[in-house]
Structures are given as structure tokens and as C-alpha cells.
Amino acid sequence: MRAVLVVNPQATSTTAAGRDVLAHALASELKLDVVETQYWGHAADTARAAVEDGVDLVIAHGGDGTVNEVVNGMFAAGEVGDRAMPTLGVVPGGSANVFARALGLPRDPVEATHRLLRAVAERSGRWVGLGRADDRWFTFNAGVGWDAEVVAEVERLRSTGRNVTPALYARTALACYFRMAREEPKLTLRIGDETQVGGLHSVFVSNTDPWTYLGSRPVRMSPETSFDTGLGVFALRNMRAYPVLRHVAEMLRGRAKPHGRNSIQRADVGHLRVTCTKPLRLQVDGDCLGERSEIEFLSVPEALRVAV
């Protein structure tokens, strides 16, 4: 079996020694090429070339951003649901590794590699649904508003040399909350053919459960959502402290419930549109894509085969 291992050497828990161990283990069973990413978009370019070259397996070793790039690169050259598309393999190497953990893969890269090799030997895998935000694929979540502001600020802090930790995310989320709580709502949401709803501060979109992790604790924004369903949607109507804290507490306890005027929640959504009175940031899978005035979100069932 021909395989390409795409390694992000800048990922949080990726090391040169660890990469060599993983590559050696994979090369013992696969005809393997190893590519270390050198610039933003390199993982996508490598994945696209792998599809065009007829490779059987594309393995992403890095964080969720690396997985997202690889997936987008694969679909730049291949068709949705095409049985001739390579299978995706994932070896976690980031800090959160939401996609891998949602699939039930081990967090330890060595254990994940052994699991991958067993899946390859047994030809074990599953088809997963994905989401799209305009022309960008996402594997586990996307959002406009609060979460996108947090992602953008964390990316800025990372560029200054700060270590990205759950505590940094929590402090950044709190700072962004206090800033946004003073602002007027700017978002309007239309879910499928429903009547559109305005006056929203944030729209969170899930492709699986949990929405993310805070360290070892799952944040369950849309518990009914999975890789086998449509998208989950959670929108905040206001940013008052009490309802926001109640929502956060419920998500950390493993259940998110709608509360009348405070929020909107839907599960198994096929299509939604978010419009903004002024351009706002969009994030997908923890990467900020800049500002948008309108975003179309789409659920794509059984889009990609993943080795598990």
C-alpha cells in the first residue's frame, strides 16, 4: 500500500525523534513517503498531489489544523464519496486533537500509529460526514462570533511565542466575552427553510460531538450531532453573564439545552446561512479564515473514508 505521511513539525506535541519512530513503524508495513510541512498550505498541496498520484493512504500527523489542511487538499483533487479517493489516517500531534479523539483514536502518537497499522492490515475504516463553510471543509466545528474571536486572538498570541494551553484559551475566551458583551448583536441565522432569526451574537456549528475539549474535559455543545448526522447549530441571542455561564456549565457537564429567548439549538441540519451586518471573523477547525459578511454552511454525508 502506498502512503504519504504529512508531518507538521511545528505542532504542539510533535518532535523530530517521535516523527522518526512513527515513520519507521509505518514504513515497515507501507510504501511510505514522508513530507514535513514548511509553509501554510503545504499540507494541502501535499495531499492534493497524493490524490492526483493515486496514493492509497494519506496520513496527517499534527494538530487539527494539519488534518483540516490535508482534508481540504484531498478534496481539491478528488470527488466527495469517491471510492477511489485515498483513505485518511490520523496520528495526533497537536494540543486538542478534537477530530482524532471524536473518532476514538488514542491521544498518544505511538499508540495511534499502532492502531492505524492494525486498521490498514484489517482494512478497517469508516465513512464520515464533513461540513463546509462556503468553499472550506471542516471536520468537527466552525463558528462566527465569540469562538472565532478567541481563535484569532490565540493565533496572535501564538505568533508572539506564547504556549497554547487550555488556560490560555480560557483567559482569552473571558477577555473576548467582556468585549463582545458590550457590543450590539450583528448576526442573522437561517436554518434550512426556516424563517431567519436576527439579533444574534454568535453562531456555533458542530460536525460531531464534542464540539471541542478543554484539556481532558469535553465541551458538548451539540450532543445529538455525530459524523453520521447533519450539522449541529447553537446560537446565542444575548451575552448577559448569567445565561452564558449557565450554557457553559451545561456544556462542561455534557448536555446543552435550549433556553427560550437566550439561545437557538438545532441538530441534524443540512444547510444554514449566517449573515452579518458588518464583516466578522469565521473559524473552522480552530483556524481563523478572516472576515466574512455571509457564510453558507453545508453538511456533506459520507464524504471521506478514515482508517480507524
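## Thr87 and strand 4

With 16% relative accessibility, Thr87 counts as buried, because the cut-off for buried is under 20%. This is a predicted model, so take every value here as computed from predicted coordinates. Thr87 is found in strand 4, a strand that runs over 87-92.

What does Thr87 touch, once residues up to four places away in sequence are set aside? Its partners come from two stretches of the chain: Asp56, Leu57 and Val58 on the one hand, and Arg305, Val306 and Ala307 on the other.

## The chain as a whole

Let's zoom out. The protein chain has eight helices and 16 strands. Its C-alpha trace spans about 55 × 40 × 30 Å along the principal axes. The radius of gyration is 19 Å, which agrees with the value near 19 Å that a compact globule of 308 residues would have.

Of the 308 residues, 52% are buried. Take the contacts between residues at least 6 apart in sequence: 73% of them join residues at least 24 apart. As for the outside, the chain exposes about 13800 Å², and carbon and sulfur atoms supply 49% of that area.

## One cavity

How many cavities of 30 Å³ or more turn up in a search of the whole structure? The search finds one, and the space in this largest cavity comes to about 30 Å³. Its lining is made of Gly62, Gly63, Asp64, Val67, Val90, Pro92, Asn97, Phe99 and Ala100. Sorted by class, that gives five nonpolar, three polar and one charged residues.

Which elements supply at least two lining residues each? They are helix 3 (64-77), strand 4 (87-92) and helix 4 (98-102). So strand 4, the home of Thr87, shows up here again as a supplier of the lining.

## Asn97, a loop residue in the lining

Asn97 is one of the lining residues, and it sits in the loop between strand 4 and helix 4. Is Asn97 buried or exposed? It is buried, since its relative accessible area is 5% and the cut-off is under 20%.

Leaving out neighbours within four places in sequence, Asn97 is in contact with Gly62, Gly63, Asp64 and Pro92. Those four names also appear in the cavity lining.

## Two buried alanines

Ala47 belongs to helix 2, residues 42-52. With a relative accessible area of 0%, Ala47 is buried. Beyond its neighbours within four places in sequence, Ala47 is in contact with Val58, Val70, Gly73 and Met74. Val58 is also on the list of residues that Thr87 touches. Ala47 and Leu5 are 42 residues apart in sequence, with 9.4 Å between their C-alpha atoms.

Ala133 is found in strand 5, residues 125-133. Ala133 counts as buried too, at 0% relative accessibility. Not counting residues up to four places away in sequence, it touches Phe138, Leu282, Val284, Ile295, Glu296 and Phe297. Between the C-alpha atoms of Ala133 and Leu272 there are 9.7 Å, though 139 residues separate the two along the chain.

## Helix 5 and the turn into strand 5

Arg118 is found in helix 5, residues 109-122. Where does its 43% relative accessibility put it? Arg118 counts as partly exposed, because that class lies between the 20% and 50% cut-offs. The C-alpha atom of Arg118 is 8.6 Å from that of Val308, and these positions lie 190 residues apart along the chain.

Arg123 follows in the loop between helix 5 and strand 5. Arg123 is exposed, with a relative accessible area of 67%, because exposed means over 50%. Its phi is near 55°, a positive value in a residue other than glycine.

## Backbone oddities further on

Glu302 is another non-glycine residue with a positive phi, about 45°. Glu302 lies in strand 16, residues 287-307.

Which peptide bond is cis, with omega near 5°? It is the one from Asp209 to Pro210. Pro210 lies in the loop between strand 10 (202-206) and strand 11 (212-214).

Technical notes
Residues are numbered from 1 along each chain as its sequence is written. This is a predicted model: local features need pLDDT of at least 70, side-chain atom pairs count only at pLDDT 80 or more; totals for chains, interfaces and linings use all residues. Side-chain values use heavy atoms; hydrogens and water are left out. On a 1 Å grid over the protein atoms alone, a cavity is a set of points where a 1.4 Å probe fits but cannot get out, and a pocket is an open set with protein on both sides within 12 Å along at least five of seven lines; lining residues have an atom within 4 Å of a point. Grid points are joined across faces, edges and corners, and a volume is the space filled by probe spheres set on the points. Helices (H or I, at least four residues) and strands (E, at least two) are DSSP runs, numbered from the N terminus. Ala, Val, Leu, Ile, Met, Phe, Trp, Tyr, Cys and Pro count as nonpolar, Asp, Glu, Lys and Arg as charged, and the others, Gly among them, as polar. The radius of gyration is taken over C-alpha atoms; the globule rule is 2.2 Å times the number of residues to the power 0.38. Buried means under 20% relative accessible area, exposed over 50%, partly exposed in between (1.4 Å probe, protein chains only). Contact means heavy atoms within 4.5 Å. Accessible areas come from the Shrake-Rupley method with a 1.4 Å probe; for residues, only the protein chains shown count as cover.
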